Amino acid sequence: MAVTLTEKAAEHVQKFLTKRGKGIGIRVGVKTSGCSGMAYALEFADAAESEDNVFESYGIKVIVDPKSLVYIDGTDIDFVKEGLNSGFKFTNPNEKESCGCGKSFHV
């Protein structure tokens, strides 16, 4: 399986990478946080480590460390606008429940 971006999410990341002037893609992972136990972590990536899993969606590299991949394998990341808010939406088939605010999840 893999961690993928929708076309809209890839376009959004590409705009920020261009504006930033460097980077090969994004690093996606999980961290312990929130009321449900884990939260998604997303940051720009300038390089991949040898142990990283590297996937590609619409020309954007999606880099995931092995420990995080266990929790987010199969996740699709979209960029959505809802009213005045916009951001990345994670569709994770491993997710069993999430908190009411949508900031954390449990597998």
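**Exercise 1.** Work out how strand β6 is joined to β7, and where that pair sits in its sheet.

*Solution.* Start with β6, residues 76-82: 7 bridges join this strand to β7, and the two run antiparallel. Strands here are DSSP E runs of at least two residues and helices are H or I runs of at least four, numbered from the N terminus; two strands pair if DSSP finds at least two bridges between them. This is a predicted model, where local features need pLDDT of at least 70, side-chain atom pairs count only at pLDDT 80 or more, and totals for chains, interfaces and linings use all residues. Residues are numbered from 1 along each chain as its sequence is written, and side-chain values use heavy atoms, with hydrogens and water left out.

Next, pick one bridge: Asp78 partners Lys89 in β7. Then zoom out: the open sheet has 3 strands in the order β1-β6-β7, with mixed pairing. Its edge strands are β1 and β7 (85-91), each pairing on one side only.

**Exercise 2.** Place Thr6 and decide whether this residue is buried or exposed.

*Solution.* First, locate Thr6: it's in the loop between β1 (4-5) and α1 (7-20). Now check the accessibility: Thr6 comes out at 19%, so it counts as buried (under 20% relative accessible area; exposed is over 50%, partly exposed in between, with a 1.4 Å probe and protein chains only).

Finally, list its neighbours. Leaving out residues up to four places away in sequence, Thr6 touches Tyr58, Asp76, Ile77, Asp78 and Phe79 (contact means heavy atoms within 4.5 Å).
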